[in-house]
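Trainee: Got a minute to walk me through this one? I'd like to get the overall picture before I go into details.

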Amino acid sequence: MDDFARAAFREAEAKQILRRRVFLLHLSVYLTTNLSLVVIWALTGAGYPWFVFPILGWGIGLVAHAVVAYLLSDPEEIVLRREQQRLAAGQDPPGHQA
Amino acid sequence: MSRLFRRGELKAALLDALDVAGPSNGYTIMQTLAEQIGESWQPSPGAVYPALLALEDTGLVRATDRNGSRVYELTAAGRQAAANLHGTLAAVATRARAAPPAPPTLGSVLDDFVAGVAGRNRAVDDESRQAIAAILDGARNNIERLIGKET
C-alpha cells in the first residue's frame, strides 16, 4: 500500500468517525431533551403521558440517523472496504502487477 | 467532496487525465486533475483512490508497484474508453470556471495578508514589537468596526 492509498483510507476513517460522533451528539441531545420532558411531566402532576409523542416522533428520526451513521456507506467507502479486505487477504485487485 | 462531478464523470476525467499525463502515481493524477479544473475543486485521495480502484476492477487501468508507489496506466481498453470519453475533463473544467467562486472570508483575507508579509521570520526587538502591536491593534479596531457595520 502506498502513501496515496494510506491517505485515502485515513480520510474514509475520519469521515466515518465524524459521522458517528455527530450521531452520538444527536443521541445525547435526544436523551437530555426527552428526559427533561419526562421530569416536567412528573413535576406538573404526572397526568396524561404526553412526553411519549416527542419520544416516538423524534425516535424515528434518531433511528434513521443511526442507520446512516452505522449501517449505510458511500460507494467510495464500499470500494475502500473491499480493497482493505483484499489487502488483508494478501490479494491484488484485477489488473494489478507487482 | 464537491458535487462538481456528475455521476461517472470522475472516472471519465481520470481516464482523460491518465491519457494526458501517461503512467502516474495517485498524487500526480490528482495534481493533473487539480491543474486542469482549477481552484474551485479540491481533490482528495478519499475520492480519487476509490475511483482508480473501480477503474482497475473494470480493467480500464492497470497498476504497477514502482519504488513503493503505485503507478497507474491505461490498458488498451482504457485507452479506447479514454478516446470515447475525450473532453470530459475539459467539460468539467469549463463548468468549474463558470461556477461563481466562494466569497472570501475575513479569515482568508487575514491569511493572505500574513502570507504576504515580507520577512516574517525576522527577529524583532522590543521597541519594534511594541510599534507593530500598536499598528495591529489599530487595524483590528478598524476591521471590527467595519465588520460590525456589515452585520
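Mentor: Sure. Keep in mind that this is a predicted model. Chain A is built from 3 helices and 1 strand.

Trainee: In what pattern do they come along the sequence of chain A?

Mentor: Chain A reads α-α-α-β.

Trainee: And how much of chain A is buried?

Mentor: Of the 98 residues in chain A, 24% are buried. As for the surface, chain A exposes about 6500 Å², with carbon and sulfur atoms supplying 69% of that area.

Trainee: What about contacts within chain A, what share is between residues 24 or more positions apart?

Mentor: Those pairs account for 65% of the chain A contacts that have a separation of 6 or more.

Trainee: OK, switching to the partner chain. How many residues are in contact between chain A and chain B?

Mentor: On the chain A side there are 20, and they are in contact with 21 residues of chain B.

Trainee: How is the size of an interface often given?

Mentor: People often quote the accessible area lost when the parts come together. Here chain A and chain B bury about 1800 Å² between them, and 59% of that is on carbon and sulfur atoms.

Trainee: How many salt bridges are there between the two chains?

Mentor: The count between chain A and chain B is 3. One of them pairs R86(A) with D57(B), and their closest N and O atoms are 3.0 Å apart. There are also 7 residue pairs in polar contact between chain A and chain B, counting pairs with both residues at pLDDT 80 or more.

Trainee: Which elements of chain A give two or more residues to the side that touches chain B?

Mentor: They are α1 (3–43), α3 (75–88) and β1 (96–97) of chain A. The largest share comes from α1(A), with 7 residues.

Trainee: And how do the residues on that side of chain A divide by type?

Mentor: You get 10 nonpolar, 3 polar and 7 charged.

Trainee: One last thing, I was looking at R21(A). Where is it?

Mentor: R21(A) is in helix α1 of chain A.

Trainee: Buried or exposed, and why does R21(A) count that way?

Mentor: R21(A) counts as exposed because its relative accessibility is 59%, and the cut-off for exposed is over 50%.

Trainee: How far is R21(A) from A69(A)?

Mentor: Depends which way you count. Along the sequence R21(A) and A69(A) are 48 residues apart, while in space their C-alpha atoms are 8.8 Å apart.

Definitions and conventions. Residues numbered from 1 in each chain as written. Chains lettered and ligands numbered in written order. Predicted model: local features only at pLDDT ≥ 70, side-chain atom pairs only at ≥ 80, totals over all residues. Heavy atoms only, no water. Helix = DSSP H or I, 4+ residues; strand = E, 2+ residues; numbered from the N terminus. Buried < 20%, exposed > 50% of the residue type's maximum accessible area, 1.4 Å probe, protein only. Contact = heavy atoms within 4.5 Å. Areas by Shrake-Rupley, 256 points an atom, 1.4 Å probe, with all protein chains shown as cover. Buried area = accessible area lost by both parts, 1.4 Å probe. Salt bridge = Lys/Arg side-chain N within 4 Å of Asp/Glu carboxyl O. Polar contact = N/O pair within 3.5 Å; in protein donor to acceptor, adjacent residues only side chain to side chain. Nonpolar A, V, L, I, M, F, W, Y, C, P; charged D, E, K, R; others polar.
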